[in-house]
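Please open the model in your viewer and keep a selection tool at hand. The tour below goes stop by stop, saying what to select and what is found there.

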Amino acid sequence: MADQFKEDPLERLERKEREKEARGGSLRSIMIALAVVAALLAAALAYVWIQKSSLVSDLEDEKKDLTEQIVALQSDYENLSSDYDAINSQLDSSREEVAQLVDRIKKTDATNRAKMRQYEKELGTLRSIMRSYIVQIDSLNTLNHKLTIEAANARKEAADAGRRNQELSARVEDLTGKVAVGSVIKGRNVSIKAYNQSDKVTDRSSRVVRMLVNLTLSANELAARGPVRVYIRVKDPDGNLLLDGTNASFTYNGETMAATASREVEYAGSDVDMSIYVNNIPAYTKGVYSAEAYTGQGLIGTAEVLLR
């Protein structure tokens, strides 16, 4: 009975060979499957990398285009000017905003999409503001030109006032009042700068020893000739008036106002450039200092300077 169940050696070898081949086939299948998975993972990683590189490139292009638009707007602001102090003061403020926007976008990573969208909105706002400046300047220029022509015509017609009726006389009186308003001495190019001990311009509050306000009294053929005193009121970042100990003061709208400093010049109807120093101030702090320039006729200009 034992001999009947004893396996033939040849059959045993064939059986083991078949089992070995079966195990080898399974191992090859596993290796092939792993290779396919590895290839798919590599392809996926390559696709993601290519997509990311393409996105970063697109964002860099968008930032470059936005930067160029902002720089172009900055140039437009620099080329925009007017003859009106109030608008010039607003323009200076807007120019500073544009300069800050240029600096911020240059320092911001192109992949910061939230910031890029914010800068696009700010760019749109500054463009709208510029358009409003252009409309204001054009309107004021048109009105000024119209008033100048009307005043000239009124003076010509006044020579024949004896032949004019009461209505014309009333119109001449009205235009004469407008000319009187035009005889007021105006100022322009008001600026304020801070200087250190070496008499060099500085924006460091700890190094400031004096300030200098520069301005121009504008030419006006209608204005009275003679000495004109200009008063400067300089306020610190908290709104406190700086006083240099000279006790300068003037009357404005019936009220006596203290001045930081003053200077008298001779006015002959043409442009007069002048400078007024602010001395004897104990210390300066960080922040924005504002300067207002007055004559006895009223406010003629303002300016600001930022100290760090």
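What follows is a walk from the whole chain to single side chains.

**The whole protein**

Begin with everything shown, and keep in mind that this is a predicted model. Colour the chain by secondary structure, and you should find five helices and nine strands, which run from the N terminus in the order α-α-α-α-α-β-β-β-β-β-β-β-β-β. If you then switch to a surface view, the area that the protein exposes is about 20,200 Å², of which carbon and sulfur atoms supply 52%. Of the 308 residues in the protein, 29% are buried. Contacts can be considered as well: among those with a separation of 6 or more, 65% are between residues 24 or more positions apart.

**Helix H2 and two surface patches**

Next, select residues 9–79, which form helix H2. Within this selection, pick out Ile-32, which lies in helix H2, and add Val-36 and Leu-40, since these three together make a nonpolar surface patch of about 300 Å². Is Ile-32 buried or exposed? Its relative accessible area is 56%, and because the cut-off for exposed is over 50%, Ile-32 counts as exposed.

Now move to Glu-68, which also has its place in helix H2, and select with it Glu-60, Asp-61, Asp-65 and Asp-109, for these five residues gather on the surface in a patch of negative charge. Glu-68 itself has a relative accessible area of 45%, and is therefore described as partly exposed rather than exposed.

**Helix H3 and a salt bridge within it**

Select residues 85–107, the span of helix H3, and show the side chains of Asp-92 and Arg-95, which are three residues apart and so separated by about one helical turn. These two side chains meet in a salt bridge, with a distance of 2.9 Å from N to O. The partners differ in how much of them can be reached: Asp-92 is partly exposed at a relative accessible area of 45%, whereas Arg-95 counts as buried, because its relative accessibility of 17% is under 20%.

**From helix H3 to helix H4**

Stay in helix H3 for one more residue, and show Arg-104 together with Glu-122, whose side chains meet in a salt bridge of 2.7 Å, N to O. This pair links distant parts of the chain, as Arg-104 is in helix H3 and Glu-122 is in helix H4 (residues 113–158), 18 residues apart. Both ends of the bridge are partly exposed, with a relative accessible area of 31% for Arg-104 and of 22% for Glu-122.

**Helix H4 and a small network**

For the last stop, select Glu-120 and Arg-117, whose side chains form a salt bridge at 3.0 Å, N to O. Where do these two residues stand relative to one another? They are three residues apart in helix H4, which means that about one helical turn separates them. Glu-120 is partly exposed, with a relative accessible area of 39%, and Arg-117 likewise counts as partly exposed, at 30% relative accessibility. Add Glu-62 to the selection, and you have one network, in which salt bridges that share partners join Glu-62, Arg-117 and Glu-120.

Should you wish to continue on your own, the count for this model comes to eleven salt bridges, among them the pairs Asp-92 and Arg-95, Arg-104 and Glu-122, and Glu-120 and Arg-117.

Key:
Residues numbered from 1 in each chain as written. Predicted model: local features only at pLDDT ≥ 70, side-chain atom pairs only at ≥ 80, totals over all residues. Heavy atoms only, no water. Patch = residues over 30% accessible without salt bridge, like charges linked within 9 Å, V, L, I, M, F, W, Y side chains within 5 Å. Areas by Shrake-Rupley, 256 points an atom, 1.4 Å probe, with all protein chains shown as cover. Salt bridge = Lys/Arg side-chain N within 4 Å of Asp/Glu carboxyl O. Lys, Arg positive; Asp, Glu negative; His and termini not counted. Charge placed at Lys NZ, Arg CZ, Asp CG, Glu CD. Helix = DSSP H or I, 4+ residues; strand = E, 2+ residues; numbered from the N terminus. Buried < 20%, exposed > 50% of the residue type's maximum accessible area, 1.4 Å probe, protein only. Contact = heavy atoms within 4.5 Å.
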